Amino acid sequence: TFSQHAAVAALTSSQDCVLEMVAAYKARRDAIVEGLSRIDGVTLPGGSPMGTYYVFPNVSHFGSSAVVAKRLLEEYGLACVDGGVFGKEGEGHLRIAYSCPLEDCKRGVERLGAALASMRQ
């Protein structure tokens, strides 16, 4: 069948595209982690993620994660997921994806830093 032929081609062809994709996600992750490290009141327990395209920073310094996520969306146009939806251990955290282009990740974390700074005042 065509799907078996596709599987053979995928397994026997060059994997350069996979290496390129892994490098792109690493660059995005590194940009987000570096940007988060520069935001006062934000920590990244567990350090840099190794097997996903999300970060889970602690933002409890700014209030409950539900309130922070809602304000970020409604007042600053930044979409994050309230960590509390993942259970009590997620409270105080946000889930932030870095599945967008690198420049968007950089711009997003800069906007996040500015938004949280204004929320602190």
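This note goes through the predicted model from its overall layout to its core and one helix pair.

1. Basis. The model is predicted, with local features needing pLDDT of at least 70 and side-chain atom pairs counting only at pLDDT 80 or more, while totals for chains, interfaces and linings use all residues. Residues are numbered from 1 along each chain as its sequence is written, and side-chain values use heavy atoms, leaving out hydrogens and water.

2. Layout. The protein has four helices and three strands, which run α-α-β-α-β-β-α from the N terminus on; helices (H or I, at least four residues) and strands (E, at least two) are DSSP runs, numbered from the N terminus.

3. Core. The largest nonpolar core, meaning buried (under 20% relative accessible area, 1.4 Å probe, protein chains only) Ala, Val, Leu, Ile, Met, Phe, Trp, Tyr and Cys residues joined through side-chain atoms within 4.5 Å, has 22 residues, and Leu36 and Leu112 are among those with the most contacts inside it. Two or more residues each come from α2 (16-37), α3 (65-76), β3 (94-97) and α4 (102-120), and the largest share, six residues, is that of α4.

4. Leu36. Apart from neighbours within four places in sequence, Leu36 is in contact with Val42, Leu44, Val55, Pro57, Val109 and Leu112, where contact means heavy atoms within 4.5 Å.

5. Helix pair. Val68, Arg71, Leu72 and Tyr76 in α3 meet residues of α4 that include Leu112, Ala115 and Leu116.

Note on methods. Buried means under 20% relative accessible area, exposed over 50%, partly exposed in between (1.4 Å probe, protein chains only).
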